[in-house]
Amino acid sequence: MDTPVQPTAAAPGPRRRDRHGRGMRGPVAPPQVPLAATRAEVFADLVQDSVERLERRWPQLADIDFMVLEVPRLGGSGEGWSDEAVPLGGTIPAFEDHPARVVVYRRPVEIRTKGRDERAALVHEVVVEQVAELLGLTPETVDPRYGED
């Protein structure tokens, strides 16, 4: 009589494609394409562009650390939220062997902007304001084009 044919066992190891020739695809875009950059990386690039623009005029900014944090932290223990607005940036003065720092908070800036150009303008504004506070100058002195956008 007819004996049923048993399917052959699949080769050992991971399966590369499904039976329709699809599956296991590569990334959507290669890593060097801007599409592959995360929002955090794009935001850090905006901060870096702003810092480089200011360093041409103020070489002493090379001694300052510029950081990007997601959101600001609450002040002390047990302290709740206050009615103040959420800060977009902050400064940490130099102490002992630590350099001064300028911090830009990514999420509050992103929430207040709609597009890349608007975000870049707000990031630059925040960086200028924080550098001005750290150097004890007015934002217009740090960047003569401050407030024109």
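Q: Before we look at strand 3, what does buried mean here?
A: Buried means under 20% relative accessible area. This is a predicted model, and four of the five residues in strand 3 are buried by that cut-off.

Q: What sheet does strand 3 belong to?
A: An open one of three strands, with the order 1-3-2 and mixed pairing.

Q: Why do strand 1 and strand 2 each have one side without a neighbour in the sheet?
A: Strand 1 (65-69) and strand 2 (89-92) stand at the edges and have a single partner strand each, so one side is left without a neighbour in the sheet.

Q: How much are neighbouring strands turned against each other?
A: By 20° on average, with direction ignored.

Q: And the pairing of strand 1 with strand 3, parallel or antiparallel?
A: Parallel, with five bridges joining strand 1 to residues 101-105 of strand 3. D65, for instance, has R101 as its bridge partner in strand 3.

Q: How many bridges between strand 2 and strand 3?
A: Four, and that pair is antiparallel. In strand 3, V102 is the bridge partner of T91.

Q: Switching to helices. Which strands does helix 1 lie across?
A: Helix 1, residues 39-55, lies across strand 1 and strand 3. Its direction is at about 155° to strand 1.

Q: Which strands for helix 3?
A: Helix 3 (residues 116-135) lies across strand 1, strand 2 and strand 3, and runs at about 25° to strand 2.

Q: What's the span of helix 3 from its first C-alpha to its last?
A: 28 Å for its 20 residues, close to the 28 Å expected at 1.5 Å a residue. Just after helix 3, G136 has a positive phi of about 75°.

Q: Which residues of helix 3 are buried?
A: R119, L122, V123, H124, V126, V127, V128, Q130, V131 and A132.

Q: What covers them?
A: The cover over the buried residues of helix 3 includes helix 1, strand 1, strand 2 and strand 3, along with helix 2 (106-111) and helix 4 (139-142).

Q: At what angle do helix 1 and helix 3 cross?
A: Roughly 50°, with the axes coming within 9 Å. That angle makes helix 1 oblique to helix 3.

Q: Left-handed or right-handed crossing?
A: Helix 1 passes helix 3 in a right-handed crossing.

Q: Which residues meet there?
A: From helix 1, V42, F43, L46, V47, S50, V51, R53 and L54. From helix 3, they meet R116, R119, A120, V123, H124, V127, V128 and V131.

Conventions
Residues are numbered from 1 along each chain as its sequence is written. This is a predicted model: local features need pLDDT of at least 70, side-chain atom pairs count only at pLDDT 80 or more; totals for chains, interfaces and linings use all residues. Side-chain values use heavy atoms; hydrogens and water are left out. Two strands pair if DSSP finds at least two bridges between them. Helices (H or I, at least four residues) and strands (E, at least two) are DSSP runs, numbered from the N terminus. Axes are lines fitted to C-alpha atoms, for helices over the stretch in contact, and angles run from 0 to 180 degrees between N-to-C directions. Contact means heavy atoms within 4.5 Å. The expected span of a helix is 1.5 Å times one less than its number of residues. Buried means under 20% relative accessible area, exposed over 50%, partly exposed in between (1.4 Å probe, protein chains only). Angles under 35 degrees count as roughly parallel, over 145 as roughly antiparallel, 65 to 115 as roughly perpendicular and the rest as oblique. A crossing is left-handed if the near helix is turned anticlockwise from the far one by less than a right angle, and right-handed if clockwise.
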